[in-house]
Amino acid sequence: MSKDSAAALVERSLAHVWHPCTQMKDHEWLPLVPITRGEGAWLYGPDDKRYFDAVSAWWTNLFGHRHPHIVSRLKEQLDTLDHVMLAGFTHPPVVELSERLARITPGDLSRCMYTDNGSSAVEVALKMSHHYWVNSGKPEKTRFIALSGSYHGETLGALAVSSTGLYRDAYKQLLLEPIVVRGPDCGILEPGGRPPGRSWEDHARARFKEMERALEQYADTTAAVIVEPLIQCASGMRMWPPIYLKLLSEACKRHGVHLIADEIAVGFCRTGKLFACEWADVTPDFMCLSKGLTGGTLPLAVCLTNEHIYQAFYDDYASGKAFLHSHSYTGNPITCTAALATLDILEQRDWPAHVRNLGQRLYGALSELSRHPHVADIRQQGLVVAVDLAQDGPAAKPYAAGERRGLRVYQHGLTRGALLRPLGNTVYFMPPYVTTPEEIDWLAEVAIEGIHSATAD
Ligand code: PMP
């Protein structure tokens, strides 16, 4: 494709495509990047200009773009069955996928309800939790508890339990009101957050007291607590330790409230275990998965639950207890095949150990930033590493959001061929697991350069 046609593609895109999570006016000065091919961890534009996908295509990609095993299984499936509705019908990919998910997810999770994006898997969990209580004679359990800094998606129910104002505020009059409890975020930029020197565990235990109080006060009217185990990704890769999840799971059981684990961003080894709940040896009542589920190829999500909850819906039709939720493409055979191929690859080696090693290497390669005057915090969990930029790093005094310092790092990255899309003033890395150690070092080098230039004035 010639340069001219690259420019034409951008122009046509800006004429008709409303790009997600974007102030479209930015593109008057911020170039839209055309991509025509992906291979491994790299995305290629026209003229073969390439970008290293350090954010795994919005955290979806695990093993690189167009992994040959996923591609070949998809081609086979395309020649076999494209789609059939899942009400009244079933098919081999959805059956095999459900069996395998039941096997690999924690504890007694065994029942799979499919949707086609993460937000709607969260909707399923919220509705199913409340509906369980209705079917069990407790219809007054209508509320949900969410953590500060949470993000669970963009549909109205999922957005309601997302406390991050950036995404939520414009719609707040449309949304049900969750009970928001201060989260255990162990970064140091949050006002009133973890004081320097206090351990993550102590901070999490102290914050848990607020959750315990909320449960004591609201358990009678609360259906479920929803959390993103270990990393609140969208609100800036805020990290917290497993002890909070352990305490939360025990408290939910004690108070008769469901626990929903939204592992949409952190599932499939991202934190260094297959599922983040494993760090705390916790089995939630509902687990939502998406993103990495298909290795980053196709949209598919699932909400898993246990037999006990399933049985509360299992009755004669006339009882009106059935879960009548549906989406047209629920359990689509092609997307389920992409998930099966992804699970095949996951079984091929000890990915959790590999992910932990790569994450450590990246964290080490960024270590000089700990002395940078405009870096407040660097943290790592598995293959997620985040760096908070701040006006006065040591004092954790943030930059005004409008300065868009993180965006400058993104712009620098593009000039070097690295896609490092930030979250506000948090620069983060969430690369595919096939990233080589040399690529890790190079990414760190590009980011360090970018952070120097973004904070120079
Ligand atoms: N939950 C979490 C934790 C997420 O990170 C996201 C997406 N970033 C969602 C839910 C929503 O998923 P989707 O974008 O597929 O609707």
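Colleague: What makes R37 count as lying over the face of Y44?

Modeller: In this predicted model, R37 is 4.2 Å from the ring centre of Y44. The distance limit is 6 Å, with a further condition of 35 degrees from the ring normal. R37 is listed as lying over the face of Y44, so both conditions are taken as met.

Colleague: Which ring does R111 lie over, and at what distance?

Modeller: R111 lies over the face of Y310, at 3.6 Å from the ring centre. That value is also within the limit of 6 Å.

Colleague: Why is the aromatic pair of F63 and W351 called tilted?

Modeller: Their centres are 4.9 Å apart, and the planes make an angle of 50°. A pair needs centres within 6.5 Å; planes under 30 degrees apart would be stacked and over 60 edge-to-face, so 50° falls to the remaining class, tilted. The pair is one of 14 aromatic pairs in the structure.

Colleague: What makes the pair of F63 and W351 a tie between parts of the chain?

Modeller: F63 is in the loop between α2 (56–59) and α3 (68–78), while W351 is in helix α12 (residues 351–365); the parts tied together are therefore 288 residues apart in sequence. Both F63 and W351 are buried.

Colleague: Why is the pair of Y151 and Y167 called edge-to-face?

Modeller: The angle between the planes is 65°, and the centres lie 5.1 Å apart. The angle is over 60 and the distance within 6.5 Å, so the pair is edge-to-face. Y151 sits in the loop between β5 (143–147) and α6 (156–160), and Y167 in helix α7 (residues 165–168), 16 residues apart.

Colleague: How do you know that Y167 is buried?

Modeller: Its relative accessible area is 15%. Buried means under 20%, so Y167 qualifies.

Colleague: What makes D262 and K291 polar contacts of the ligand?

Modeller: A polar side-chain atom of D262 is 2.6 Å from a ligand nitrogen, and a side-chain N or O atom of K291 is 3.0 Å from a nitrogen atom of the ligand. The limit is 3.5 Å, so both count. The protein covers 83% of the 390 Å² of accessible area that the ligand has on its own.

Colleague: Where does G118 contact the ligand?

Modeller: A polar backbone atom of G118 lies 2.8 Å from an oxygen atom of the ligand. The residues surrounding the ligand include G118, Y151, D262 and K291. By class, the shell has 4 nonpolar, 5 polar and 3 charged residues.

Technical notes: Residues are numbered from 1 along each chain as its sequence is written. This is a predicted model: local features need pLDDT of at least 70, side-chain atom pairs count only at pLDDT 80 or more; totals for chains, interfaces and linings use all residues. Side-chain values use heavy atoms; hydrogens and water are left out. Rings of Phe, Tyr and Trp (its six-membered ring) pair if their centres lie within 6.5 Å; planes under 30 degrees apart count as stacked, over 60 as edge-to-face and the rest as tilted. Helices (H or I, at least four residues) and strands (E, at least two) are DSSP runs, numbered from the N terminus. Buried means under 20% relative accessible area, exposed over 50%, partly exposed in between (1.4 Å probe, protein chains only). A residue is near a molecule or strand if one of its heavy atoms lies within 4 Å of it. A polar contact is a pair of N or O atoms within 3.5 Å; within protein, one must be able to donate a hydrogen and the other to accept it, and residues adjacent in sequence count only if both atoms are side-chain atoms. Accessible areas come from the Shrake-Rupley method with a 1.4 Å probe; for residues, only the protein chains shown count as cover. Ala, Val, Leu, Ile, Met, Phe, Trp, Tyr, Cys and Pro count as nonpolar, Asp, Glu, Lys and Arg as charged, and the others, Gly among them, as polar.
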